[in-house]
Each structure stands twice: as structure tokens, then as C-alpha cells.
Amino acid sequence: MLAETTAFTIDGISARPVRVEVDVQRGLPTFQIVGLPDAAVREARERVRAALVNCGYDFPLKRITANLAPADLRKVGPGLDLALAAALLGAAGEISTDLIRGWAFAGELALDGTLRPVRGALAMAEAARAHGNAGIVVPPENAREAALAHGVDVRSIENVSELRRLSEGIFPGERPAPLDLTRVPALPDMSDLRGQGLFRRALEISAAGEHGLLVVGPPGAGKSLGARRIASILPPLSGDQILEVARIASICGVGGGAISAVRPFRAPHHTVSAAGLVGGGSPPRPGEITLAHRGVLFLDELCEFRRSSLEALREPMEIGEVSIVRATGRQNLPCRFTLVAAANPCPCGRGEDDPGCECTLMAIRRYGAILSGALADRIDITLGVAQPGAEAMNGPPGELSADVRKRVMDARMMMENRYGSPRTNSSASSAETKAFEIEVGATRTLADAHLTQRISGRAHDRTLRVARTIADLDGCAVIGEDHMNTALSLRRREAK
Amino acid sequence: MSGAGVTAESACPECLRRSWLIARLADNIQVSCDDSPGNRTPELLRLSDEDLTSAVAPKQLDEVLSGNSDITEALMVGALLDSGCWACCHHDPRFPDGLKDGADAPRALIGKGEGFPLSEVTTEASVTIVGSRRATGYGLEVARTLGRDVASTGLTVVSGMALGIDGAAHRGALERGRTVAVLACGPDRAYPVSHKRLYRQILETGLVVSELPPGCEPRRWGFPARNRIMAALSQMTVVVEAAFRSGSLITAEMASDAGREVGAVPGQVTVGPAAGTNELLANGAALIRDARDVIDRVIGVGAMPLRIVGPPVDRELRPVIDAVERGCGTVDGAADFLARDSVEVAVGMARLEVLGYLTCSITGNYSRTSQEAPDET
């Protein structure tokens, strides 16, 4: 007898439908899975057999063939276990084949028949809706996440034995309540950053205009401490963005299923490979930049990252998307993130102007090459920080994140009104920067800077964009002289 | 571009052949220097062709010498023309006078660049500025302003185009006047490669010279050899920043051996980068704080009062200058020091940078330039 149902396999950051067909015929008892399964899918045979037997089903001692279609799509992971078990039960006549045909199943089986969670439940539930399935059955751990997908029936079951109720014509399991997205987890607060006024301001500007930020200074200056607090001043994600971000996080198995409106903050270690950073491997997996989509990618110790990793960042940063091409196909993964980077001025961290620095010339030049390299050229804001003095350390705590965030959100509103779409100043084109309203004094300041400093055309536009964000934070429609000067002080200097 | 005043044919073939011989023996000289560390290149290069060859390549003596005398003038001039170089030897009146008297001076100079006539490179009107390759921001700033201000008085700044101080001195000189780069390789090669742009700039408005023929690669022995030319070319050698056992100290020693004046810029006494220059000062070198100190010795006391005064500065920005002078390199550091709002200080520092009172490194660290603020009225 033949039974079929639907399962999903993860391909990049999307769930692709897989038709699971199981045929049970008389013959030598075998259980074969065909249709380009990977090792985890092939091993499903053993899990499905043990789970069904332990749940009291009769495992048919016949010739069992499972086919996964389309045959040219590589099926990965253990998420197909439940669908295989359901189709097998249908083909063996234990449950109704009609009911399972229109449904989708996702879940890994334990040997006692318990369901284990899978990655990408949200994407699978959405794919089930798009594929025209009546509903999807998921493990309980994934249920509330999957329930975020509208327009598709989501049921959670704990054990494969619950499928027996299908033979009574009843679809088992509970309808879980969707996750509460308004819940905001506690984040480290900006008030922990004492003193460091310009650094705080730079974080605020970066958060408001999505400007890349590079902060250079000795260890202990609070670079990482400050950078890690940027998440607490970013505006919350909108409804669609939450689902977009949650889908990626769920497929990559990060965040432990915690879905909220908080923007992602990714801080890969400096030993990360280029593939780990931008995505890659075979089959291609999303990298850190995709996980940081709509949030912040923080590179601590920027100069210690491999050159190849940093080089690989450039193009995706520019276009907000990374394209991974393999012989088997191409994947476009989104990666609109704000880059925040921290670096020591030299390997010992003291800085070459400090007489105690004993770093070699080559090491200092290597650092300088990265700080003035092509990646740094795509970062809008650069500033140097020093260790705060004792007075600042013992002084009052800084402003609360909630207050800073309010200014950031107001500034974003001004930007949205300016561009007519939810864009930020960092994305302003050269033509748009020319349309910025600027005070005469500020124009003169910029012209003076051109005369005495070396400012490239790219740096000119960058300064204008940052000045625009600073004015937006102050609620000014026109860029003033102080805004321009602050932007000039935050620009990247040329190597000497 | 006024032209160097000399051409590929300005040197006599005998003197040119010496350069070709040194290039031919370059590897042997390196081996011989490696074998006996005390054996200093300038002493080797003082030897006659035969003695030099038998000293570094005794087994190939005849082969090298006969091979060298077989090199035709046409071949050498052709090589010079192909690489756009010119040459001048000590028989020529246009040859720099500083190289005419020394026993170990090169017999011919091969050069490139058309910035000004070679005949105007006289000991009297030249100052050599050298220093550590691994310089601090302070040292680089001093070298640049020193180069600029010395050049602005019409003197020629001689240096070695190395990383660090040398490069900064050339850059400063290029802003206002003349500079000569002495290379340890053929003059048609930009070494170090990262100074390729600087090399091109010097070719345009200055001169690049060497005792080696075009195409010759740099070798370790070439640097002390190059240093003796730098020391001899000018009447004063100023070391801006040098650690112990720095190559710049060799240049200073050679300058003093050649009867030239030596000056040094003082630095912090506690640690590395200025240990060598402070040592020079302790041993009697002239103390150099700015170009005025150089001019006082090279031209005459008070010959050219130098004081670069910048544009007017607002009253409230003066404390910011003061804070940077006291070592507050970052905006937040200065704001802490002045107990003022960071953004306000950032605005002030950006303004002061534009006005030329401050400079900022790629690591975002501010330092003070030599430009003086006008007196408050």
C-alpha cells in the first residue's frame, strides 16, 4: 500500500517542501530510503523502526520503500523522521492515508517515540502554508514558534503514539498559542558606561543612522563594554522583521528559540573563517552576517581577524545581500547589518605613541593596514577612546538606554519622513546627500576641512551622512556647524 | 621641472664602471659582511677596484676584473637611458662637493628625477634628516615639520626614503622645498615598496640618487653604504628619533667622522624610541628643537627667524590645545581633563584640526602640531 505526506528540508534560510512517499509491499523485509537523503535522513530508518515498535505499533516485516521527492534536492537533517513514520503507518494501514496526505510533519524521533525539536520550525510552518498544506504537526518545543505563522493549522504532539488517533478520524495534538513578541528581555544598559561622552554619542549616532562604527583604543577603555550595549538602544524590529529575523535564527539554531523584537547582536570570535562569517560550506550555511541581519555585527579585536574574512565582508556590506554560489546552485542570503568594530591601536594595545609600546614595526604596520584598509573605508564613524579617568569611573552612571533609544527612534522617524520609506542616513545616495539642508557656517566648515585635510569624495559624503544623523538626533532639519564639526571629528583619518 | 642639469652621458666611463663593479660584486660583499660582522662596508668601498675584488671575490678576481673592463660605455649609457636615469662623476664640476673630498665617497652618482640641478646640491645648502623606521607619532610630526621648515628656507633636505622618520622628513620637505633621497638600491627602484607614491613625488620635484646602477636590488650592506653618502652630502645630520643601535646612529657617526655637524632631537628619557638620540645629545650633538635650531647652526644665529603662526583661535579653544599638549589624545580624555562636555570638546578638536593646530592618527589619537597660536589680543 502507498501513503504520502509532506515534510520540509532546510536549504539556506528557507524550508523547501519534500514529498514523502512510503510504499509497503510483500517481499524480503527491507527498509530503503531513496531520493538524495544525507546520512542523518538515512539513519531515520533505525529511529523510525525503534520508535514505532516501542510505541506498540506493528512494524511491517515487508519490503518498505520510502521516496523523497524532488529527487534532485538534497534532504538534510533528522526533521523528516516524523513524516517518514506517519507515511509508514499510513502505508501499513495503521492510520488513515487521507488525513496525512494534506498535512505536513516536522520532528525528530527519539527511540521511545518522543518528538525532539527541529531547526527552522517557523520557516517550515510558513512553507506549509505556501505549499497548500492544511496544517503542520511539530514537536512541543517548536509549537509556539511555528504558531507565529498565520493561516496554517499548527498542532503539537509529544509522542508518535498520538498519531494513532488519526485512525479515528481525529487530528491529534493541541493548538499552541503563538509566542508573545512584545516581551523584551533585559539587555545590558548604557548606564554602565561611565564618562566616555563621545563614545556614547558615537554609539547613539551609529544606532540611529545605521552607520558603521570603529572604535580604537587600549584594553580597558570600555570598547567592548560600550559596543555590546548598542543592542539596548536600537529601535525594536517591526512585525515582519521579527519573523524574518526569527526564521533565520531558528534555522541556524541560535537563540534557543527565544524570539523577540530585540535586534540580533552577533559577536563572532576573531578566529572565524571567511565561510563562517559570510556563509558557505557545502551545502551552504548562512554565516554570522546573515545571523546579524537587521541587527549588529560586532567584530572585537578587528585587526586580529583573518584578512580573508574581512575582505569577504566588503561586498555583502555594500549590497546587503550575500550570494553563495555552488555547483549545485546559488543562494542569496540577506545581511543588512550595522558593523561595529573595536581594535587595539597595536598588538600590545598601548598604541605606538606610548613609550611603553614594544610592538614590532611589522606588527604595527599590519594593524595600520587594516585600520586604513578597504573595510575601514566602508565604516562611517571612527573614534579613539582612552581609559576613563578615576573621576569618571567614580562619577554618576551614564544616561539610561531607554532615554537614548527614544532619541534614536525619533531620529529614525525624521529619516523615514525624509526618504519616504524606512531607510536610514547611512543608505543615502550621493545625490541625496547633496539635497541635505546645511547652514552656511557648516558648509564653510566642510570647505575649510577640504582645504587643510585630505578628504576624499567618499569621505565627504560620509561626513555629510553622519552630520545628517547628528542633526536628526538633535531634531534639527538643517545641519548646523556643530553637527558638521562633530561629524568631522568622527571621520576616519588617512594613514600618515 | 627644471631638470637635473646632467644627462646619462655626464659621467666618464671609468667612474661608471666602478658602480657596475660594485653591483656585480653585491652578493660577494654581502657574504663578506655576513662573515665578519666588524667589517664595515664603507671601509670596503674605499678600496681600489682590484683590492675590493680580491677582498670579496678572490677566486673570481681575473674574471670579474676583465669582465668589468669589457663593459662598454654604450652599454652603460644605454642602461641609464632605458631607465630614465642620469649619472655624474667626481670629475664633473656639477658633482656634489660633499662627495669630492671623502676617501670613501662614491666616484659616481646615478640618479633619477628632474626637480632641480644636481650642481645645486652642495654641502653648504643641505641638511640630512634621518631617524628610526619605527617612529612614534610624535617623531613623525617633528620630522615632518622639521623637513618642511628647513626646506622652506631654501636648504635641501637629504634623507634615505626609509619608512618612519625618513619618509616624514621627505614629505615635509616636499610641501615647501627641495629634497634628495639617497637609496640603497638602483635609483630607478622605489624601495621600500610602500613608499612608491612618495618616490614618484620626489622624482617630480626632487632628486633620487644612488651609487648603484639602475636595476640593482637593495642588500643589507647597502644601507650603511648609503648612510655614508647621506652624511657626506650635507653639512649637518639631524637624527630625529633613534633607539640604541639604530642605523641612524651610524649615519650620525659617519657625519661626525666626515667632519660634519650632528644634531639630535631630544625625547623621553625613560624608554626606547629616543634612547639613541638622547645618547647623541649626551655625547655633544647639537640639540634640535625645531628648524630654527638647525638654521642657527647651518646658516648663522638668527639668520632666519622661524615662527609659524596659525590662524586666530577662539578663546574657548585654547584650553583644548592645552589639554592635547598635556597628553590627552582622545576626545573623551580631553573632556575628562577639562571637565567639559565630550561633544563640545569633539567639536573644538575638529575645528582645531581644520585650523592646523592638531593632527589625528588613523587610530583616532590627536597630537599637537608645531603651529603656534597667535597671541591673544
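A:Glu210 sits in the loop between α7 (197–209) and β10 (213–216) of chain A. Helices (H or I, at least four residues) and strands (E, at least two) are DSSP runs, numbered from the N terminus. The model is predicted, so local features need pLDDT of at least 70 and side-chain atom pairs count only at pLDDT 80 or more, while totals for chains, interfaces and linings use all residues. Residues are numbered from 1 along each chain as its sequence is written, and chains are lettered from A and ligands numbered from 1 in the order in which they are written.

**Exercise 1. Odd backbones**

Task: work out what phi A:Glu210 has, and whether A:Glu210 counts as buried or exposed.

Solution. Start with the usual case: most residues other than glycine have a negative phi, and most peptide bonds are trans. Now look at A:Glu210: its phi is positive, about 55°, although it is not a glycine. Next, count neighbours. A residue is buried if 20 or more other C-beta atoms lie within 10 Å of its own, exposed if 12 or fewer, and partly exposed in between, with C-beta atoms placed from the backbone. A:Glu210 has 23 C-beta neighbours inside 10 Å, so it counts as buried.

Try B:Met161 the same way. B:Met161 lies in the loop between β4 (156–159) and α8 (165–176) of chain B. Its phi is positive too, about 60°, and it is not a glycine. With 23 other C-beta atoms within 10 Å, B:Met161 is buried.

**Exercise 2. Cis bonds**

Task: find which loop holds A:Pro70 and which holds B:Pro192.

Solution. Go to chain A: A:Pro70 is in the loop between β4 (63–69) and α3 (81–91). The peptide bond from A:Ala69 to A:Pro70 is cis, with omega near 0°. Then hop to chain B, where B:Pro192 lies in the loop between β5 (178–182) and α9 (196–205). B:Tyr191 and B:Pro192 are joined by a cis peptide bond with omega of about -5°.

**Exercise 3. Two packed helices**

Task: describe how α17(A) and α19(A) pack.

Solution. First, get the angle and distance: α17 (residues 440–452) and α19 (residues 481–489) of chain A pack at about 30°, with axes 7 Å apart. Axes are lines fitted to C-alpha atoms, for helices over the stretch in contact, and angles run from 0 to 180 degrees between N-to-C directions. That makes α17(A) roughly parallel to α19(A) (angles under 35 degrees count as roughly parallel, over 145 as roughly antiparallel, 65 to 115 as roughly perpendicular and the rest as oblique).

Now find who touches whom. Residues are in contact if their C-beta atoms, placed from the backbone, lie within 7 Å. Among the residues that meet are A:Leu446 in α17(A) and A:Leu488 in α19(A).

**Exercise 4. One face of a helix**

Task: say which residues of α13(B) are buried.

Solution. Look along α13 (residues 291–298) of chain B: B:Ala291, B:Val294, B:Ile295 and B:Val298 are buried. Seen down the axis, these buried residues of α13(B) fall within an arc of 95°, so they line one face of the helix. The arc is that of the directions from the helix axis to the C-beta atoms. Now ask what covers them: the cover includes β3 (126–130), α7 (137–152), β7 (236–239) and β8 (261–264) of chain B. Just after α13(B), B:Gly300 has a positive phi of about 150°.

Notes:
Contact = placed C-beta atoms within 7 Å.
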